[in-house]
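This report describes the fold of one protein, starting with its strands and ending with its loops. Please look at the sequence and the structure before reading on.

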Amino acid sequence: MGAAPAIASPAPVPVRGLLFDAMGTLIGLRASVGSTYATAAAGHGLELDAAAIDRAFGPVLRQASPLAFPGLEGPALLEAERHWWGDRIDETLRAAGGGPTPEALRHELFERYADPTLWRVYPGVSEQLERWNARGLALAVVSNFDSRLLPLLEGLGLAPWFKAVVVSSAAGAAKPDPLPFQRALKALGLEPPQVWHVGDSPEDEAGAHAAGLRCLLIRHP
């Protein structure tokens, strides 16, 4: 018998786009959540320990329902976002030893995190996005965040590099659900084999894979 014919491997699909997580990948907070919450709470007569708030915040977020509101937009979406974060603020402060959270404090903290000065862009991010854009790659953000994100990216000087910003609250589903990734792919006009996702969490990896994307996880110091 003759040798079996060689089967050529399919040519790799060139990368034409990149998706990015936001918090923990592109941007981070300048001060801990506990520090900001405790300072704001003190202005309302509540004395709470910043370290206790930091210990409570992560578990509260992990146990929360997804930050996603199918079918809502405009003022109704914003109100749902405020209510979702208000509940998380209340749960966090209660777990840190506080009582019921005043409505004014819930509102103040939601607005405070819309301020770009509370956030920072990680070193090298802006320069790398500029290089990828110059190479012709289509860039988008996919984040478990809310409608405050686009103004934040604008205030931090990152928005011009992105053709789309998909947040879970408006997409109606949160990572690891593949829907936000699919929304971004549609906005870029690209197929999954043409795109990589860059993130920092298991939800990034699981959601990207569910959408058919390759995923790169990074860790900032």
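## The sheet

Strands β6 and β7 run parallel and are joined by four bridges. In this pair, V198 stands opposite L216 of β7. The model is a predicted one. Strand β6 also pairs with β1, again in the parallel sense and over four bridges. Here F20 has V198 of β6 as its bridge partner. On the β4 side, the bridge partner of F20 is V141. The pairing of β1 (residues 17-20) with β4 (residues 138-143) is parallel and has four bridges.

These pairs belong to an open sheet of five strands, ordered β5-β4-β1-β6-β7, with parallel pairing. At the edges are β5 (164-167) and β7 (214-217), each of which pairs on one side only. On average, neighbouring strands of the sheet are turned by 20 degrees against each other, direction ignored. In general, strands of a sheet pair through backbone hydrogen bonds, in either a parallel or an antiparallel way.

## Around β6

Is β6 enclosed or open to the outside? Four of its five residues are buried, so β6 is largely enclosed by the rest of the structure. Helix α9 (residues 202-210) lies across β6 (195-199) and β7. Relative to β7, α9 runs at about 170 degrees.

## Helix α1 and its two partners

Helix α1 (residues 33-42) packs against helix α2 (residues 50-63) at an angle of about 125 degrees, and their axes are 7 Å apart. An angle between 115 and 145 degrees counts as oblique, and α1 and α2 are therefore oblique to each other. Their crossing is right-handed. On the α1 side the contact is made by V33, G34, S35, Y37 and A38, and on the α2 side by A50, I53, D54 and F57. By class, the residues of this contact are six nonpolar, two polar and one charged.

Helix α1 also packs against helix α4 (residues 103-112), at an angle of about 140 degrees and with the axes 10 Å apart. The helices α1 and α4 are therefore oblique to each other as well, and their crossing is right-handed. T36, Y37, A40 and A41 of α1 meet L105, E108, L109 and R112 of α4. This contact has five nonpolar, one polar and two charged residues. Y37 is listed in the contact with α2 and also in the contact with α4.

## Helices α2 and α3

The axes of α2 and α3 cross at roughly 135 degrees and come within 8 Å. That angle makes α2 oblique to α3, and the crossing is right-handed. From α2, the residues I53, A56, F57, V60 and L61 take part; from α3, they meet W84, W85, R88, E91, T92, L93 and A95. Sorted by class, the contact has nine nonpolar, one polar and two charged residues. I53 and F57 of α2 appear here and also in the contact of α2 with α1.

## Two loops

A68 lies in the loop between α2 and α3 (74-95). Is A68 buried or exposed? A relative accessible area under 20% counts as buried; A68 has 15% and is therefore buried. Which residues does A68 contact, leaving aside its neighbours within four places in sequence? They are S168, S169, G172, A173 and A174. Between the C-alpha atoms of A68 and P178 the distance is 13 Å, although the two residues are 110 residues apart in sequence.

P176 lies in another loop, between α7 (168-171) and α8 (179-188). The peptide bond that joins K175 and P176 is cis, with an omega of about 20 degrees.

## The whole protein

The secondary structure comes to nine helices and seven strands. The protein has 221 residues, of which 44% count as buried. Its C-alpha atoms fill a box of roughly 85 × 35 × 35 Å, taken along the principal axes.

Among contacts between residues at least 6 apart in sequence, 66% join residues at least 24 apart. The contact of A68 with S168 is one between two such residues.

Conventions
Residues are numbered from 1 along each chain as its sequence is written. This is a predicted model: local features need pLDDT of at least 70, side-chain atom pairs count only at pLDDT 80 or more; totals for chains, interfaces and linings use all residues. Side-chain values use heavy atoms; hydrogens and water are left out. Axes are lines fitted to C-alpha atoms, for helices over the stretch in contact, and angles run from 0 to 180 degrees between N-to-C directions. Angles under 35 degrees count as roughly parallel, over 145 as roughly antiparallel, 65 to 115 as roughly perpendicular and the rest as oblique. A crossing is left-handed if the near helix is turned anticlockwise from the far one by less than a right angle, and right-handed if clockwise. Contact means heavy atoms within 4.5 Å. Ala, Val, Leu, Ile, Met, Phe, Trp, Tyr, Cys and Pro count as nonpolar, Asp, Glu, Lys and Arg as charged, and the others, Gly among them, as polar. Two strands pair if DSSP finds at least two bridges between them. Buried means under 20% relative accessible area, exposed over 50%, partly exposed in between (1.4 Å probe, protein chains only).
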